[in-house]
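Visitor: I would like a close look at one part of this protein. Please pick a single strand and walk me through its surroundings.

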Amino acid sequence: MSTPYYAVKRWETEWQADVDVLSLGAGVQVKILRDDRESRELDLMIRFPAGYEEPAHSHASSHSTMVLEGTQVVGGVNLHPGDYGYGPPDEVHGPFSYPEGCVVFACFRGESAHHVVAAASARLK
């Protein structure tokens, strides 16, 4: 059974180091907005520091993202606040870069939001 409607105020939720949510590390921070493990749904904000380079990767879940602040660069295309992206499960995407830093809202639906970089790199060769 899914959780009932509730609201989370962005400024009242603390940023935390991304140690085990997406497994990005290197200064990336997350704000967990909703984590329903029964339905395998995760909604969160992700803050990438200026100059961060996110390697090509995959996830065992589908995910949607929307840029909230800053710029996300994917395939030479600059995405700005309000721009949207979607990735199906187990499909390699990226690399991404964040020249000025960036905050994105992300929704993951499926088994895991963890980044799988090794498998992604192997598929690209």
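Guide: What follows is a tour of strand β3 and the parts around it. Keep in mind that this is a predicted model.

Start with the whole chain. It holds one helix and ten strands. Read along the sequence, the strands come one after another and the helix closes the pattern: β-β-β-β-β-β-β-β-β-β-α. The chain has 125 residues, and 38% of them are buried. Its accessible surface comes to about 7100 Å². Carbon and sulfur atoms account for 55% of that surface. Now look at contacts between residues at least 6 apart in sequence. Of these, 68% join residues at least 24 apart.

Now zoom in on β3. This strand covers residues 41–48. Is it enclosed or open? Six of its eight residues are buried, so β3 is largely enclosed by the rest of the structure.

Take its pairing with β2. Strand β2 spans residues 29–36. The two strands run antiparallel and share seven bridges. One pair to find is D35 with L42, its bridge partner in β3. Together β2 and β3 make a hairpin, with four residues between the strands. R40 sits in that turn. The phi angle of R40 is positive, at about 55 degrees.

β3 has another partner, β10. That pairing is antiparallel too, over eight bridges. Here, F48 stands opposite C102 of β10. Strand β10 itself runs through residues 102–110.

Next, look at the core. The largest nonpolar core has 18 residues. Those with the most contacts inside it are L22, L44, I46 and F48. The elements that give two or more residues to this core are β3, β9 (96–98) and β10. A general rule helps here: in soluble globular proteins, nonpolar side chains tend to be buried together.

Now turn to the charged side chains by the hairpin. Side chains of opposite charge can pair when their charged atoms come close. A search of the whole structure finds five salt bridges. Begin with R34. The side chain of R34 meets E41 in a salt bridge, 2.8 Å from N to O. R34 also meets D36, at 3.4 Å from N to O. In this way R34, D36 and E41 are linked in a network of salt bridges.

How covered are these three? R34 has 14% relative accessibility, so it counts as buried. D36 has 7%, so it is buried as well. The cut-off for buried is under 20%. E41 has a relative accessible area of 22%, which means it counts as partly exposed.

A further salt bridge joins R37 and D35, at 3.1 Å from N to O. R37 is exposed, with a relative accessible area of 68%. D35 is partly exposed, at 40%. Recall that D35 is also the residue whose bridge partner is L42.

Stop at one more residue of β3, namely R47. Is R47 buried or exposed? Neither fully: R47 is partly exposed, with a relative accessible area of 31%. Which residues does R47 touch, leaving aside its neighbours within four places in sequence? They are W15, G27, V28, Q29, C102 and V103. Among them, Q29 belongs to the range of β2, while C102 and V103 fall in that of β10. Compare R47 with A17. The two are 30 residues apart in sequence. In space, their C-alpha atoms are 9.6 Å apart.

Finally, step away from β3 and look at the surface. M66, L68, Y84 and Y86 form a nonpolar patch there. Together they have about 410 Å² of accessible area. The elements that give two or more residues to this patch are β5 (61–70) and β8 (84–87). L68, one of the four, lies in β5. L68 has 32% relative accessibility, so it counts as partly exposed.

To retrace the route, go back to β3. It pairs with β2 over seven bridges and with β10 over eight. Six of its eight residues are buried, and it gives two or more residues to the largest nonpolar core.

Conventions. Residues numbered from 1 in each chain as written. Predicted model: local features only at pLDDT ≥ 70, side-chain atom pairs only at ≥ 80, totals over all residues. Heavy atoms only, no water. Patch = residues over 30% accessible without salt bridge, like charges linked within 9 Å, V, L, I, M, F, W, Y side chains within 5 Å. Areas by Shrake-Rupley, 256 points an atom, 1.4 Å probe, with all protein chains shown as cover. Salt bridge = Lys/Arg side-chain N within 4 Å of Asp/Glu carboxyl O. Buried < 20%, exposed > 50% of the residue type's maximum accessible area, 1.4 Å probe, protein only. Core = buried A, V, L, I, M, F, W, Y, C linked by side-chain atoms within 4.5 Å. Pairing = 2+ DSSP bridges. Contact = heavy atoms within 4.5 Å.
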